[in-house]
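Hi everyone, thanks for making time this morning. I'd like to walk you through one structure, so let's put it on the screen.

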Amino acid sequence: MKIGVSGKGGCGKSTLSVLLARSMKRLGYRVLLVDGDESNIGLENLTGISEPKHLMDFLGGKKGFKAKLNQTMMTDNPAGLFSGKQTIDDLPKECIAKSEDGLEMLIIGKIHHIGEGCACPMGVLSKKFLASLETGEKEVVLVDSEAGVEHFGRGIVGECDLILGVIDPTSESFQLAKKMIGMAANADKKICFVLNKVEPAIEDVMKQQLNSAKVIGMIPKDHSIFMESLEGKPLTKALPEIDEICRKILEAG
Ligand SMILES: Nc1ncnc2c1ncn2[C@@H]1O[C@H](COP(=O)(O)OP(=O)(O)OP(=O)(O)O)[C@@H](O)[C@H]1O
Ligand SMILES: [Mg+2]
């Protein structure tokens, strides 16, 4: 199962991606966490996994990737660049890093230099990579995305089996969620949502903003999660709310 995690900037996509990945691992799944955010860095801190070689760099950087892509398109695949189907085990070993508890992580690519050009190649690589990646019955690929809906436009979430929207307590977040529901419906994609940073005093107001069966859970605002993230430490908290959300996602998938 491939899951794309989406939402407004700062709503908690990376935090929840890591917490969900850990929970799914505990439930006995093989989990590959994919860092699909070309701008933000630090997902490896939240996981405690040492940074693997970025997939884009493995392919020779943006230039090398573009050249390989052209070759693939012109000659109908001799370079074999994600043209066939592949499993997690087929991915380049240096691009996968593992935590002590067996959680695996891959980074698509990052922006490194002033004036290096747009991040479109990262989007193309993410889409091709996910389109070609096949998951087994007990395997989950969780894609942490950049803020907003750029990855909807690029078609990256179109390659996922489920879009998981994260909503924080802001009106912009709810507005974006409604837009995402429309976009997912037009593309015939499954979508569900998690309310994040929920406090007792605002819980009812948040529920009223998106009164939908698509909301599959709520995560409390948690000081220890915030502090571990602030200090650049791996997230260690196991929340029953996260485990419950995982069960719902995996049952639905
Ligand atoms: N449930 C929570 N309780 C407390 N703090 C939280 C919670 N979820 C996320 N945060 C905090 O919110 C901030 C943003 O979280 P995070 O980086 O995961 O968001 P993001 O959506 O990935 O952001 P970006 O759009 O920049 O990638 C961090 O300081 C994080 O610790
Ligand atoms: Mg993030």
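Let's begin inside the sheet, with a single pair of residues: Val-34 has Val-143, in E5, as its bridge partner. Keep in mind as we go that this is a predicted model. That pair sits between strand E2, residues 30–36, and strand E5, residues 139–145; the two strands run parallel and are joined by seven bridges. As a quick reminder, the strands of a sheet pair through backbone hydrogen bonds, in either a parallel or an antiparallel way.

Now zoom out to the whole sheet. What is the order of its eight strands? Reading across, you get E3-E4-E2-E5-E1-E6-E7-E8, in an open sheet with mixed pairing. Strand E3 (97–98) and E8 are the edge strands; each has a single partner strand, so one side of each has no neighbour in the sheet.

On to the ligand, which I suspect is what you came for. The space that ligand 1 takes up is the largest pocket. Which elements give two or more residues to the shell around ligand 1? They are helix H1 (13–26), strand E7 (190–198), strand E8 (215–220) and helix H9 (223–230).

In total, 20 residues surround ligand 1, and the closest are Lys-13, Ser-14, Thr-15, Asn-196 and Asp-222. Split by class, that shell holds six nonpolar, eight polar and six charged residues.

For those of you who like distances, here are some backbone contacts. A backbone N or O atom of Gly-10 is 3.0 Å from an oxygen atom of ligand 1. A polar backbone atom of Cys-11 lies 3.2 Å from a ligand 1 oxygen atom. For Asp-222, a polar backbone atom is 2.8 Å from a nitrogen atom of ligand 1. As for burial, ligand 1 taken alone exposes 630 Å², and the protein buries 83% of that.

Thanks, and I'm happy to take questions.

Terms used
Residues numbered from 1 in each chain as written. Chains lettered and ligands numbered in written order. Predicted model: local features only at pLDDT ≥ 70, side-chain atom pairs only at ≥ 80, totals over all residues. Heavy atoms only, no water. Near = heavy atom within 4 Å. Polar contact = N/O pair within 3.5 Å; in protein donor to acceptor, adjacent residues only side chain to side chain. Areas by Shrake-Rupley, 256 points an atom, 1.4 Å probe, with all protein chains shown as cover. 1 Å grid on protein atoms, 1.4 Å probe; cavity = no way out; pocket = protein on both sides within 12 Å on 5 of 7 lines; lining within 4 Å. Sits in = over half its atoms within 2 Å of the grid points. Helix = DSSP H or I, 4+ residues; strand = E, 2+ residues; numbered from the N terminus. Nonpolar A, V, L, I, M, F, W, Y, C, P; charged D, E, K, R; others polar. Pairing = 2+ DSSP bridges.
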